[in-house]
Amino acid sequence: MYVPALCLAAADGMRKGPAEHIGALSAAEIVELDFAGALLRDGVEWRLGHAVHLSRPTPDWPDGRHVVTADPAPYADMPLVYAIRLPWQR
């Protein structure tokens, strides 16, 4: 599981604990923002831009990667981004 660092920081800012929990998972790879990702703003928030950048097709991931999110609405109009909604939790 690839986790955009900016998304993880935003999630931890909204609710304490996700960063520590996800960081401890052996299957989670926290991905830092690279230069190409920083250029892909398209008028969206940094955390969304980072997720979009990681989801787009690459030579290693020719079909791209899915974005798993509690709110897929911000990704609806973005080309080549496939969002999966997490079940709502309290």
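Alanine 36 sits in helix H3, which covers residues 35-39. The model is predicted. Alanine 36 has a relative accessible area of 43%. That value lies between the 20% and 50% cut-offs, so the residue counts as partly exposed. Histidine 53 is 17 residues away along the chain, and its C-alpha atom lies 8.0 Å from that of alanine 36.

Now the chain as a whole. The protein chain holds 4 helices and 4 strands. Read from the N terminus, the elements follow the order β-α-α-β-α-α-β-β. The radius of gyration is 13 Å, which agrees with the value near 12 Å for a compact globule of 90 residues. Among contacts with a separation of 6 or more, 40% join residues 24 or more positions apart.

| Property of the protein chain | Value |
|---|---|
| C-alpha span along the principal axes | about 30 × 25 × 20 Å |
| Buried share of the 90 residues | 28% |
| Accessible surface | about 6400 Å² |
| Carbon and sulfur share of that surface | 58% |

Next, the largest pocket. Its volume is about 1300 Å³. How many residues line the largest pocket? The lining has 31 residues, and Ala11, Val68, Thr69, Ala70 and Leu86 lie nearest the centre. Five elements each give two or more residues to this lining: strand E1 (2-4), helix H1 (5-14), helix H2 (18-23), helix H4 (46-55) and strand E3 (67-69). By type, the lining residues divide into 22 nonpolar, 5 polar and 4 charged.

Definitions and conventions: Residues are numbered from 1 along each chain as its sequence is written. This is a predicted model: local features need pLDDT of at least 70, side-chain atom pairs count only at pLDDT 80 or more; totals for chains, interfaces and linings use all residues. Side-chain values use heavy atoms; hydrogens and water are left out. On a 1 Å grid over the protein atoms alone, a cavity is a set of points where a 1.4 Å probe fits but cannot get out, and a pocket is an open set with protein on both sides within 12 Å along at least five of seven lines; lining residues have an atom within 4 Å of a point. Grid points are joined across faces, edges and corners, and a volume is the space filled by probe spheres set on the points. Ala, Val, Leu, Ile, Met, Phe, Trp, Tyr, Cys and Pro count as nonpolar, Asp, Glu, Lys and Arg as charged, and the others, Gly among them, as polar. Buried means under 20% relative accessible area, exposed over 50%, partly exposed in between (1.4 Å probe, protein chains only). The radius of gyration is taken over C-alpha atoms; the globule rule is 2.2 Å times the number of residues to the power 0.38. Contact means heavy atoms within 4.5 Å. Accessible areas come from the Shrake-Rupley method with a 1.4 Å probe; for residues, only the protein chains shown count as cover.
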